Amino acid sequence: MKKKIVEVSTSRDVSEKSSETGTAQRSDLVVWSGGCDSTLIVCQLASKMEKGKILETITVKHHQVSTEKLRMEAISRERMAIFIKAKYGVTIRQTIVCIHSNGNMSPSIGENPQATIWLAAVIPYLTSHLNIHFGYIKDDYGRKGKADFIKTFGHMAEYRDLKDVKIVFDLERMDKKTVLKELSDLEVPDNCMWWCEYPKADPEGYVSTDLFTSCGKCEPCVTHNGGGEVASMLR
Ligand SMILES: [Zn+2]
């Protein structure tokens with residue numbers, strides 16, 4: 001029987017698998033935007049690693065997201081890398097895929113383009129014998145659903161002749177509140193993450209190192225209760 005190229009599991013399955021003897025050396029790669037969910041995965045993995053090790057991450061910088069948001073995500077990831085290094089002695093290595101477009105066309109909105117951008121952008125950077133971690137949480141697989149996401153990923157991995165790639169949905173059983181609680185338990189400072197879609201200039205210079213502040217109105221801001229509750233949970 002043909003061996004499956006892509007398997008799917010939770011993080012628990014992966015740790016069980018890695019304790020087996022005789023299996024190929026596997027590596028981890030976190031698809032990391034700098035939002036709460038993928039940042040939690042980065043922190044969880046780093047907390048289980050030996051000091052001096054490197055955790056690989058990949059980010060997609062695409063103009064579908066506002067320049068301000070991209071900037072704040074980048075700042076947040078840098079802060080997180082410093083936090084992880086200080087707390088766990090693990091180095092976060094970032095690969096940032098930049099997709100530029102200077103034509104008249106933009107990705108359409110409302111047909112799940114974001115997931116396709118990330119899928120298409122990360123595939124060329126993958127290796128065989130890899131655990132690739134996606135920060136999807138409960139009910140968060142995009143419009144097409146989990147099965148279609150896995151199927152699409154599998155076809156692309158097959159086209160690349162990749163072997164033994166495991167998609168890990170570490171957080172698929174968590175809701176946002178649980179993610180925030182886990183981040184709080186790991187003592188992740190709230191300025192190590194960014195979620196607002198439309199950051200606005202910070203007129204009062206409240207945080208002098210930040211260029212922008214959350215709008216408080218976009219969907220992620222509302223989901224995260226305008227930042228106030230999140231900030232208080234994380235401090
Ligand atoms: Zn916002």
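In this predicted model, helix α6 (residues 176-185) buries V179, L180 and L183. These residues span an arc of only 95° around the axis, so they sit on the same side of α6. K177 and D185 are exposed on the other side of α6. The protein has 235 residues, of which 28% count as buried. Its secondary structure comes to 8 helices and 8 strands.

**Helix α6 and what follows**

- An α-helix has 3.6 residues a turn, so residues three or four places apart point the same way.
- The buried set of α6 fits one face: V179, L180 and L183.
- E187 follows α6 and has a positive phi, near 60°.
- E187 is a residue other than glycine, which is worth noting beside its positive phi.
- The loop between α6 and β7 (200-201) holds E187.
- E187 counts as exposed because it has 11 C-beta neighbours inside 10 Å, and the cut-off for exposed is 12 or fewer.

**The sheet**

- An open sheet is formed by 6 strands, in the order β1-β6-β5-β2-β3-β4. The pairing is parallel.
- β1 (6-9) and β4 (91-99) are the edge strands. Each has a single partner strand, so one side of each lacks a neighbour in the sheet.
- From one strand to the next, the twist averages 25°.

**Strand pairs, from β1 across to β4**

- β1 and β6 (residues 165-168) run parallel and are joined by 4 bridges.
- Within this pair, E7 stands opposite K166 of β6. S9 stands opposite V168 of β6.
- β5 and β6 also run parallel, joined by 4 bridges.
- H133 stands opposite V168 in β6. V168 therefore has a residue opposite it on each count: S9 and H133.
- β2 and β3 are parallel, with 3 bridges between them. V30 has T57 as its bridge partner in β3.
- β3 and β4 pair in the parallel sense over 9 bridges. I54 is placed opposite T91 of β4.

**Crossovers and helix packing**

- A right-handed β-α-β unit is made by β2, α2 and β3.
- From β3 the chain passes through helix α3 (residues 67-88) to β4. This β-α-β crossover is right-handed.
- Helix α2 (residues 36-47) lies across β2 (27-31), β3 (54-62), β4 and β5 (130-133). Its direction is at about 155° to β2.

**The nonpolar core**

- The largest nonpolar core has 45 residues.
- V30, V42, A46, I84 and I132 have the most contacts inside this core.
- At least two residues of the core come from each of β2, α2, β3, α3, β5, α5 (146-159), β6 and α6.
- Helix α2 gives the most to the core, with 7 residues.
- V42 touches V30, W32, L55, T57, M80, I84 and I92, leaving aside residues up to four places away in sequence.
- Two of these names recur in the sheet: V30 and T57 are bridge partners.

**The loop before β5**

- H129 lies in the loop between α4 (113-122) and β5.
- Its phi is near 55°, a positive value in a residue other than glycine.
- H129 has 14 other C-beta atoms within 10 Å, so it counts as partly exposed.

**Contacts along the chain**

- Contacts between residues at least 6 apart in sequence are mostly long-range: 80% of them join residues at least 24 apart.

Conventions:
Residues are numbered from 1 along each chain as its sequence is written. This is a predicted model: local features need pLDDT of at least 70, side-chain atom pairs count only at pLDDT 80 or more; totals for chains, interfaces and linings use all residues. Two strands pair if DSSP finds at least two bridges between them. Axes are lines fitted to C-alpha atoms, for helices over the stretch in contact, and angles run from 0 to 180 degrees between N-to-C directions. Two residues are in contact if their C-beta atoms, placed from the backbone, lie within 7 Å. A residue is buried if 20 or more other C-beta atoms lie within 10 Å of its own, exposed if 12 or fewer, and partly exposed in between; C-beta atoms are placed from the backbone. The arc is that of the directions from the helix axis to the C-beta atoms. A crossover is right-handed if, with the strands pointing away from the viewer, the path from the first strand over the helix to the second runs clockwise. A nonpolar core is a set of buried Ala, Val, Leu, Ile, Met, Phe, Trp, Tyr and Cys residues joined through C-beta atoms within 7 Å.
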